[in-house]
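Q: I would like a close look at a single part of this protein, followed by an account of how that part sits within the rest of the chain. Please take it step by step.

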Amino acid sequence: MLNDSLRTQWPARRLSDIAHLEDGASGWTFYLCTRKEIRTNRQSTPFVHVVLQDASGTIAGRILENVDRLRDEFEAGEFVRVQARADRHNQRLELVIESIRRVNAEQDRRDGFREEACILSAPRPADEMWQELEQLIARVRDIHVRQVLQRMVSAEASRLRIWPAALTVHHAYRSGLLEHILKVAEAGVALSACYEADTDYVIAGAILHDIGKLRELSYDAATAYTLEGNLIGHITIGVQMLHETARGIEDFPPQILVRLAHLIVSHHGSRELGSPVEPMMVEAIILSAADDLDATLHQVRRHQAESVGDDPLTSYHSRLGRVFLKPSGR
Ligand SMILES: [Fe+2]
Ligand SMILES: [Fe+2]
């Protein structure tokens, strides 16, 4: 009986996944809500802004009507059942949400709800990436550097396999940190061959530079900043983690420890970008360049993929401060 009344409440049409959503499509589906904010428009009328995700992507949504009733039906971090219409706004698709409530797992499973289908993940399987990480560490020739990497990675394995690299900016999904580490290492190793740098330090820097994100961010399907993350930040946390690990290794050479710490603290490249010192080793300059390149290209690719319409250029990317040519825009 309950089920029947609910069935009539939701339209029969199921929305396609976010990556294949088309302008004007309407229907219902399940998402993970990763952000919920009450905002006001120019007329001071409140509306709810949400960010929703499924395994294929993320999309912004707005609740413009029945705000008072719907705003308490769910929270950020919860799986939700949504009825909505896709609407093009500034070359990007958004959802205009007509109805939303938190998932009732028992009841909604009968309608096809599965947690994994709502969680955005890195495009490559975590197992495959993990193997690559182990091979990377095995390439490190210096025994002390290799040892500290092995210890750190195995102590943090359960989180490192699934952690996102960021809250929103780049690789902000399950296993995104691992994906980012491997790309930075791949680009960094190529550059270190080019410039005859010490590959050991470039690999170590790729693995360690953002390791503090394991404590800066909390991740349980949805991502948030921890208190430690807010108050200390991933650069300093990373150095603390490095020191904690090195202390457990007998006679760890201080000259190696200080170089590894330098790779972490300088990786943002400049003081304005949050590094207390600028890169002073060739390997640190390479690391910082590879890190910035990977983070930037990830944002560009995602922005290109999310831009809809025939215009050869994407919409303006406010963080990167420009528009981009779409791949098909020749
Ligand atoms: Fe960083
Ligand atoms: Fe990074």
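Which residues in H7 meet which residues in H8?

A: The model is a predicted one, and every value below is computed from it. On the H7 side the residues are Ile181, Val184, Ala185, Gly188, Val189 and Ser192, and they meet Thr199, Val202, Ile203, Gly205, Ala206 and Ile207 of H8.

The geometry of this pair can be stated in a few numbers. Helix H7 covers residues 176-194, and its axis comes within 8 Å of the axis of H8, with a crossing angle of roughly 160°. Because angles over 145 degrees count as roughly antiparallel, H7 is described as roughly antiparallel to H8. The handedness of the crossing between H7 and H8 is right-handed.

The link between these two helices deserves its own remark, since Glu196 is found in the loop between H7 and H8. Glu196 is not a glycine, yet it has a positive phi of about 50°. As background, most residues other than glycine have a negative phi. Glu196 is exposed, with 8 other C-beta atoms within 10 Å, and the cut-off for that class is 12 or fewer.

On the other side of H7, the loop between helix H6 (157-162) and H7 holds His171. His171 also has a positive phi, near 50°, and is a residue other than glycine. Is His171 buried or exposed? His171 has 24 other C-beta atoms within 10 Å and is therefore buried, the threshold being 20 or more. The loop before H7 thus holds a buried residue with positive phi in His171, while the loop after H7 holds an exposed one in Glu196.

H8 has a further partner in helix H13. Helix H8 (residues 199-208) and helix H13 (residues 282-306) have axes that come within 9 Å and cross at roughly 40°. That angle makes H8 oblique to H13. The contact is made by Tyr201, Val202, Gly205 and Ala206 on H8, and by Glu283, Ala284, Ile286 and Leu287 on H13. The passage of H8 across H13 is right-handed, as is the crossing of H7 and H8. Val202, Gly205 and Ala206 of H8 appear in the contact with H13 and also in the meeting with H7.

Moving along the chain from H8, one comes to a small strand pair. Strand S6 (residues 217-220) and strand S7 (residues 222-225) are paired in the antiparallel sense over 4 bridges. Asp220 stands opposite Ala222 of S7. The hairpin of S6 and S7 has 1 residue between the strands, and Ala221 there takes a positive phi near 70°.

To place these elements in the whole, the protein chain is divided into domain 1 (2-118) and domain 2 (126-303), and the C-alpha centres of the two domains lie 35 Å apart. The protein chain has 13 helices and 7 strands, and its C-alpha trace spans about 70 × 45 × 35 Å along the principal axes. Of the 330 residues in the protein chain, 35% are buried. If one takes the contacts between residues at least 6 apart in sequence, 55% of them join residues at least 24 apart.

For context, the chain also contains a closed barrel of 5 strands with mixed pairing, running S1-S2-S3-S5-S4, in which the twist averages 50° from one strand to the next. Strands S1 and S2 run antiparallel and are joined by 8 bridges, with Val48 of S2 as the bridge partner of Ile38 and Thr40 standing opposite Pro46 in S2. Their hairpin has 5 residues between the strands, and Ser44 in it takes a positive phi near 65°. The loop between strand S1 (26-40) and strand S2 (46-54) also holds Thr45, which counts as exposed because it has 10 C-beta neighbours inside 10 Å. The C-alpha atoms of Thr45 and Val67 are separated by 9.8 Å, although these residues are 22 apart along the chain.

The next step of the barrel is the pairing of S2 with strand S3 (residues 57-63), which is antiparallel over 7 bridges. Here Val51 has Ala60 of S3 as its bridge partner, and the hairpin that joins S2 to S3 does so through 2 residues.

Notes: Residues are numbered from 1 along each chain as its sequence is written. Chains are lettered from A and ligands numbered from 1 in the order in which they are written. This is a predicted model: local features need pLDDT of at least 70, side-chain atom pairs count only at pLDDT 80 or more; totals for chains, interfaces and linings use all residues. Two strands pair if DSSP finds at least two bridges between them. Domain bounds come from an automatic or database domain assignment. Two residues are in contact if their C-beta atoms, placed from the backbone, lie within 7 Å. Axes are lines fitted to C-alpha atoms, for helices over the stretch in contact, and angles run from 0 to 180 degrees between N-to-C directions. Angles under 35 degrees count as roughly parallel, over 145 as roughly antiparallel, 65 to 115 as roughly perpendicular and the rest as oblique. A crossing is left-handed if the near helix is turned anticlockwise from the far one by less than a right angle, and right-handed if clockwise.
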